[in-house]
Every structure is written in C-alpha cells, then in structure tokens.
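I opened my notebook to look at how two chains sit together. Here is what I looked up.

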Amino acid sequence: MDYISNKIETLITKIISLYEKHLDIDKSQISIVKYSLRLVISTIIGYLLALVCAYFLGTFSYVLTIMITISIYRSFSGGAHCSSMINCAVYGMIIINLLGLLVSKTILPNQGIILVLCFLAFLFAIWTINKYAPADTPGKPIESKVKKVKLRKRSFLIICIWYGSTIAWHFIFKEMHQIIYISAIGIIWQSFTLTPIGYKFCHIWDMALNKIFFIKGDMYA
Amino acid sequence: MLKKMLQLSVVFFTLIAFANVAAATSVIAYQPELPEELKDIE
C-alpha cells in the first residue's frame, strides 16, 4: 500500500512539474494546488472504492445515498480520519458498505418505526453537534472560535433541514420512502464519528490497517 | 490551449482548496495537512 501512496505522490509531482513548465506560478500557489490535488485524488479514490465494492455487493444505491448524506453533514461537522490516504479509503469502503449491507438485509421497518428512528437520529445528531462539533483533525485544526461557532450552526442547520424534509415528506406523501431510512443510518453513523468513541474506533481500524498493509501512517488526522 | 487549460485548472484547484479551508474537514476521504499558505485564512 506504501507503493500506491508513492505512486500517487509521483503523479502529483508530475502534474505540478507540468504547471511549473507552462505557467509562471509561485511557490505558495504550487503548495495550494498540491494540497487541492491530494484532496481531489483521495476523494475520487474514496468514492470509487466504496461504490465499486457496493456495485458488486448489489447495494450501490444504498451506499451512494449514505455517502452523499455523510459527505454533506461531515463537511460542516468534521469527524475522525485515518492516518493515510489509503487507510481512509479502505476504512470508508468497509464501513459504508457494511452500513449498506445492513440496510439492504433488513426488511424496511414500518412507517412508525422509521419516524421514531429519524427522531432518534435527529436527537443524537443535535446532542453530538452541541457537544463535539466541529470535530477537527491534527492535519487541519480549527482554532478560531468564530469559525467553530459558524460550523456548529451550519451543522445544526443541515440536520434541521434533513429532519424537516423527512417530516414534510411524511405529511405530503403519507409514507416514508426507503431513502429516508438510509439517510437516517448515515446521519447516525456520521454523528457517531464526532464522539470520542468514534475517534477511538477509527484509530483502532487505522492501526489494524497499518499492520495489515505494513505501513506507518504519516500523521493521525 | 494547454496553457489556458492549466490556468483554468489552477483556478479550479484553488477553489477546491478554499472550500476545504471553509469546511470542517474533507467530505469523505483523507484530510491532508493544511499548507502554511492556507493557515491564516479564516
């Protein structure tokens, strides 16, 4: 797996040299583009691994819904990350596909149970946001109090929009769609990753993946 | 043409980087270490 990380870094270096060759670009701009390239590549790998695995498991739509839910909520609330690009992608692939399998293997609960589940997911999310959000990482610490308040407020807003939409759906269509049930699972999981137990859980997986792949994480982010 | 495409991609990548700075963390995958150039931005 170190081989893959090295290949990705080589690819980034090659792309950067292309910019240096053809554009009059300064050092600070180079480091911003480099950072952005790492983000884009890791996001593509993360989504691809999880979705390809989901395709073969027959849970593509469930996994895609969970990923979109987690992505929107996570960008404001933060959460635990693994120490390397590959670990993060593999960890995400395993966990999100397990959630997808859980949803696909359970018979869709009746309307009342989904409503209760959504309410519990809403309460759990509100509690975790209030207590832990925004959950930052050593690689990108959030030190500004203003930014912390802003991100916490936006996390609350996202959860309120989600819960408001589920209630509106229930009153308009008189039934709960499966997508609501799947998104509730995504909300519960993402809220869990904000908690200290969620961080410990991610760290244990990260250490296990490091041992499996014989790599040493460059940072615990 | 290549130069224009590269210039456009620099704008795109800069936007991605700034969006990530504004967010709490990367959406689904690995969160790389923030470069010094972006640390002062709130």
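My entries below go from one chain to the contact between the two.

**Entry 1: chain B.** I noted that this is a predicted model. I looked up the helices and strands of chain B and found two helices and zero strands. Its C-alpha trace spans about 35 × 25 × 15 Å along the principal axes. Chain B has 42 residues, and 48% of them are buried. I also checked the exposed area of chain B, which is about 2500 Å². Carbon and sulfur atoms supply 68% of that area.

**Entry 2: the contact.** I asked how many residues each chain brings to the contact. Chain A gives 46 residues and chain B gives 29. The two chains bury about 3400 Å² between them, with 72% of it on carbon and sulfur atoms. On the side of chain A, I32(A), Y35(A) and K140(A) lose the most area to chain B. Together they account for 18% of what that side buries.

**Entry 3: polar pairs and helices.** I counted zero salt bridges between chain A and chain B. I did find 14 residue pairs in polar contact. Next I looked at which helices of chain A touch chain B. Each of α1, α2, α3, α4 and α6 supplies at least two residues. The largest share, 14 residues, comes from α2(A). By class, this side of chain A has 23 nonpolar, 18 polar and five charged residues.

**Entry 4: a peptide bond.** Most peptide bonds are trans. I found a cis one between A133(A) and P134(A), with omega about -5°. P134(A) lies in the loop between α5 and α6 of chain A.

Methods
Residues are numbered from 1 along each chain as its sequence is written. Chains are lettered from A and ligands numbered from 1 in the order in which they are written. This is a predicted model: local features need pLDDT of at least 70, side-chain atom pairs count only at pLDDT 80 or more; totals for chains, interfaces and linings use all residues. Side-chain values use heavy atoms; hydrogens and water are left out. Helices (H or I, at least four residues) and strands (E, at least two) are DSSP runs, numbered from the N terminus. Buried means under 20% relative accessible area, exposed over 50%, partly exposed in between (1.4 Å probe, protein chains only). Accessible areas come from the Shrake-Rupley method with a 1.4 Å probe; for residues, only the protein chains shown count as cover. Contact means heavy atoms within 4.5 Å. Buried area is the accessible area (1.4 Å probe) that two parts lose on being put together, summed over both. A salt bridge is a side-chain nitrogen of Lys or Arg within 4 Å of a carboxyl oxygen of Asp or Glu. A polar contact is a pair of N or O atoms within 3.5 Å; within protein, one must be able to donate a hydrogen and the other to accept it, and residues adjacent in sequence count only if both atoms are side-chain atoms. Ala, Val, Leu, Ile, Met, Phe, Trp, Tyr, Cys and Pro count as nonpolar, Asp, Glu, Lys and Arg as charged, and the others, Gly among them, as polar.
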